[in-house]
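Biologist: Could you take me closely through the salt bridges in this model, and then through one buried residue elsewhere in the chain? I would like the cut-offs stated as you go.

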Amino acid sequence: QVQLVESGGGLVQTGGSLRLSCSASGRTFSNYAMTWLRQAPGKEREFVARISRSGGTTYVADSVKGRFTISRDNAKNTVYLQMNSLKPEDTAVYYCAASAQYVTREYDYWGQGTQVTVSS
């Protein structure tokens, strides 16, 4: 089992920044690729960014490319999502998820989510 706990969400104005953290406990964190997803009210959950086990490979959705950066610190069992130039359409609950495979649409573990609200 891997337990994931997100933090760092909150209310920010358009153009502002937030850094989300996802702390893991349980099984070896470095065995898992980590993904950030988000779900806005009334919308389906969508992919935001993914990072490989070592952190050497990342992939970011076009909608956030150039604004969001994913990173991880395996020594701290934590994955981060740095969000800059935030827009109202970034408002959502943000989730981190762990997967054994890098290329996948299936996740082995989920966090509980953290709310990000961007005011216009």
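Modeller: E46 pairs with R38 in a salt bridge whose closest N and O atoms are 2.5 Å apart, the term meaning a side-chain nitrogen of Lys or Arg within 4 Å of a carboxyl oxygen of Asp or Glu. This is a predicted model, in which local features need pLDDT of at least 70 and side-chain atom pairs count only at pLDDT 80 or more, while totals for chains, interfaces and linings use all residues. Residues are numbered from 1 along each chain as its sequence is written, and side-chain values use heavy atoms, with hydrogens and water left out.

The two partners differ in burial class: E46 is partly exposed at 35% relative accessibility, whereas R38 is buried at 5%, where buried means under 20% relative accessible area, exposed over 50%, and partly exposed in between, with a 1.4 Å probe and protein chains only. R38 also meets the side chain of D90 in a salt bridge, at 2.9 Å from N to O. That pair links distant parts of the chain, 52 residues apart, since D90 sits in the loop between β8 (78-83) and β9 (92-99) and R38 in strand β4 (residues 33-39); strands here are DSSP runs of E with at least two residues, numbered from the N terminus.

D90 itself is buried, with 1% relative accessibility, and its side chain forms a salt bridge with R67 as well, at 2.7 Å from N to O. Here too distant parts of the chain are linked, because R67 belongs to the loop between β6 (58-60) and β7 (68-73), 23 residues from D90. R67 counts as buried at 10% relative accessibility. Through shared partners, the salt bridges join R38, E46, R67 and D90 into one network. Over the whole structure, the search finds 4 salt bridges. Side chains of opposite charge can pair when their charged atoms come close.

For the buried residue elsewhere, consider T114, which lies in strand β11 (residues 114-119) and has a relative accessible area of 11%. A polar atom of the T114 side chain lies 3.3 Å from the backbone nitrogen of G9. Leaving aside residues up to four places away in sequence, T114 touches E6, S7, G8, G9, L20, A92, V93 and Y94, contact being heavy atoms within 4.5 Å.

Definitions and conventions. Helix = DSSP H or I, 4+ residues; strand = E, 2+ residues; numbered from the N terminus. Polar contact = N/O pair within 3.5 Å; in protein donor to acceptor, adjacent residues only side chain to side chain.
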